[in-house]
Amino acid sequence: MVVGAGFAGLYALHKFRAQGWSVRVFEAAPEVGGTWYFNRYPGARCDVESLDYCYSFSDDLQQEWTWTEKYATQAEILDYIKWVADKLDLRAGVTFNTRVVSAVLDEVALRWTVTTDSGEVVCARFVVMATGPLSSPLTPDIAGLDTFAGEVYHTADWPQGGVDFTGKRVGVIGTGSSGIQSIPIIAEQADQLVVFQRTPNYSVPAGNRPLSADEVAHAKATYAERRRMSWRSGGGSPHVAHPKLTMEATPEERREAFEKRWQLGGVLFSKTFADQMIDLDANEEARKFYEEKVRAVIDDPGVADLLIPNDHPIGTKRICTDTNYFQTFNRPNVRLVSVRETPIETVDATGINTSREHVDLDAIVLATGFDALTGTLAKIDIVGRGGQRLVDDWAEGPRTYLGLGVDGFPNLFLVSGPGAPAVLANMVLHAEAHINWIAEAIAHLDAHDLVGIEATPEAVDNWIAECNRRAEATLFPRANSWYMGANVPGKPRVFMLFIGGFGVYLDICAEVAGAGYKGFSLI
Ligand code: FAD
Ligand code: NAP
């Protein structure tokens, strides 16, 4: 049983079918695509290059599909996923418009009873939660939001037919990656745009452009090497940091390296030097370069002061990847309101009230993020050994071994969730890696006449300690990020990911499997 038909669930279906197993997939949406089905706000694109942000398991797919831009639009990525689903005949294996509401373990039979919102009950030996790390959108608890007489949209639940903001007064709340991608496009359409920013974010221009026929041909001819480098890398892309540490490089070398990364575009700026996310002085060099670049494109120095973060080291929240974000604030129809200085107090029928003013609006866009990594799993009533509920087990923070298994929940696998690199890596390769590992584990059980696999409590404790130890050795815990659960009131503050790098993580997973699934009980 697979829950979810995004990149991960679809690959799971394909892979498990190829193993000769019977597989069912339940998907809440009416279509495949997951993230790329729901997040269709204007300007939505990947921030990992298109050539890398796609399946690697089939060279036929790699050779047949042609990406048109360095960073593909949401529409192109969704087209790609639909194309793969059709090509591999995956749709027939997915039950759409069906949400899994519970998964309950029968300890004696070692079977999971999975129940859906349509009332279907399915018995499965293995359950794979391919439910997505960013699949539970957050709506802020602002008094009166439901009394607003205009339109309200969430970036992660955007209307299918799109929205025309022509002639409208629009307010956007939120300046994370979703806000930063959508604000420049909304500004071009709207009559007036007011951006309500609580915390400024670091954003590096994407440098997006069409891919030339030569570039595509070269990439296709050298895909094997591109992927080899990605599998070994820190984040699942074929790029390596500068060979020197930040302060070992001369000022000229440093500048050149930062400039090169700036031109590469986006999130990878945080990996210019290998020590940038570990050493505050190194980080400060990157931050200073960043500030200079951003100040240069904003006309009003007062607005620039508000847009440049000063509360967290650069890269400790995911660096956003934008096209003309900062330049947008030079437009006469765009205004920035710092809700840190003048908080949003209420919404009424006609607009947003901050502590200083009433802003008249026709539409409000919520770019307010997600209950990341744990939110979607928490909505499913997952009950393991002794009636233990996963939500209770995770009350102090998620507990996993390798991000794949949980003690007390045998034969339940998590994909791209807490305890793995997940959102710190190229998530398409990450999904492939998880599904491959799970397929091998199940095949191992079958080959040895075993019926189950379950993380031991010691392995889970040790893995959490390992993840914490690695996180504490970096600058990441210094940010109030969603990696830390900081964006959800009441959520435990723990760094939820494995920060040791994608390649290192894959080595650990391979080593565990190679050692007869060390840290797991085989039943
Ligand atoms: P999802 O795509 O989230 O799919 C999970 C599916 O499970 C959904 O379709 C959901 O409806 C379904 N589901 C959940 N619960 C249930 C249930 N109870 N019953 C039935 N179905 C259920 N990552 C990158 O690496 N690079 C990027 O450039 C990038 N850009 C992103 C841009 C945006 C706007 C967002 C929000 C995320 C981005 N990410 C990016 C992260 C992205 O989530 C992953 O890359 C990837 O798409 C996740 O795939 P998935 O299959 O694991 O999960
Ligand atoms: P996010 O990074 O969590 O940003 C949410 C924004 O909403 C923040 O600016 C937050 O401010 C603000 N906010 C939330 N509640 C608010 C309130 N009550 N009042 C005022 N402001 C409020 O969410 P996201 O932008 O959707 O991005 C989430 C992740 O998805 C990204 O980090 C990335 O991994 C992925 N993503 C990737 C891309 C891409 O470029 N490919 C695009 C979109 C998303 P505070 O910071 O003050 O809380």
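This report walks through two ligand sites and one helix pair in a predicted model.

Let's begin with ligand 1. Its shell counts 34 residues, and Glu27, Thr35, Asp47, Tyr53 and Val100 are the ones that come nearest. By residue type, this shell holds 19 nonpolar, 12 polar and 3 charged members. Several polar contacts can be picked out here. The side chain of Glu27 places an N or O atom 2.6 Å from an oxygen atom of ligand 1, so Glu27 appears both among the nearest residues and among the polar partners, given that such a contact is a pair of N or O atoms within 3.5 Å. Trp36 also takes part through its side chain, with an N or O atom 3.4 Å from a ligand oxygen, whereas Met427 uses a backbone N or O atom, 2.8 Å from an oxygen atom of ligand 1. On its own, ligand 1 has 980 Å² of accessible area, and the protein covers 95% of it. Two elements, α1 (7–18) and α2 (35–38), each give two or more residues to this shell; the largest share, 3 residues, is that of α2.

Now for ligand 2. Around it are 23 residues, with Arg45, Thr175, Ser178, Arg198 and Thr199 the closest. The division by type is 8 nonpolar, 9 polar and 6 charged. Helix α5 (residues 177–189) supplies the largest share of the shell, 3 residues. The table lists polar contacts of ligand 2.

| Residue | Atom in the residue | Atom of ligand 2 | Distance |
|---|---|---|---|
| Asp47 | polar backbone atom | nitrogen | 3.2 Å |
| Ser177 | backbone N or O atom | oxygen | 3.0 Å |
| Trp482 | polar side-chain atom | oxygen | 3.1 Å |

Taken alone, ligand 2 exposes 910 Å², of which the protein buries 85%. Asp47 is worth a second look: this residue is among the nearest to ligand 1, and its backbone also has a polar atom 3.2 Å from a nitrogen atom of ligand 2.

Finally, a helix pair. Helix α7 (residues 223–232) packs against helix α14 (residues 427–447) at about 75°, and their axes lie 11 Å apart. Because of that angle, α7 counts as roughly perpendicular to α14. On the α7 side, the residues that meet the partner are Arg227, Ser230 and Trp231, while α14 brings Leu429, Glu432 and Ala433. This contact comprises 3 nonpolar, 1 polar and 2 charged residues. There is a link back to the first site, too: α14 spans residues 427–447, and Met427 is the residue with a backbone atom 2.8 Å from an oxygen of ligand 1.

Notes. Residues are numbered from 1 along each chain as its sequence is written. Chains are lettered from A and ligands numbered from 1 in the order in which they are written. This is a predicted model: local features need pLDDT of at least 70, side-chain atom pairs count only at pLDDT 80 or more; totals for chains, interfaces and linings use all residues. Side-chain values use heavy atoms; hydrogens and water are left out. A residue is near a molecule or strand if one of its heavy atoms lies within 4 Å of it. A polar contact is a pair of N or O atoms within 3.5 Å; within protein, one must be able to donate a hydrogen and the other to accept it, and residues adjacent in sequence count only if both atoms are side-chain atoms. Accessible areas come from the Shrake-Rupley method with a 1.4 Å probe; for residues, only the protein chains shown count as cover. Helices (H or I, at least four residues) and strands (E, at least two) are DSSP runs, numbered from the N terminus. Ala, Val, Leu, Ile, Met, Phe, Trp, Tyr, Cys and Pro count as nonpolar, Asp, Glu, Lys and Arg as charged, and the others, Gly among them, as polar. Axes are lines fitted to C-alpha atoms, for helices over the stretch in contact, and angles run from 0 to 180 degrees between N-to-C directions. Angles under 35 degrees count as roughly parallel, over 145 as roughly antiparallel, 65 to 115 as roughly perpendicular and the rest as oblique. Contact means heavy atoms within 4.5 Å.
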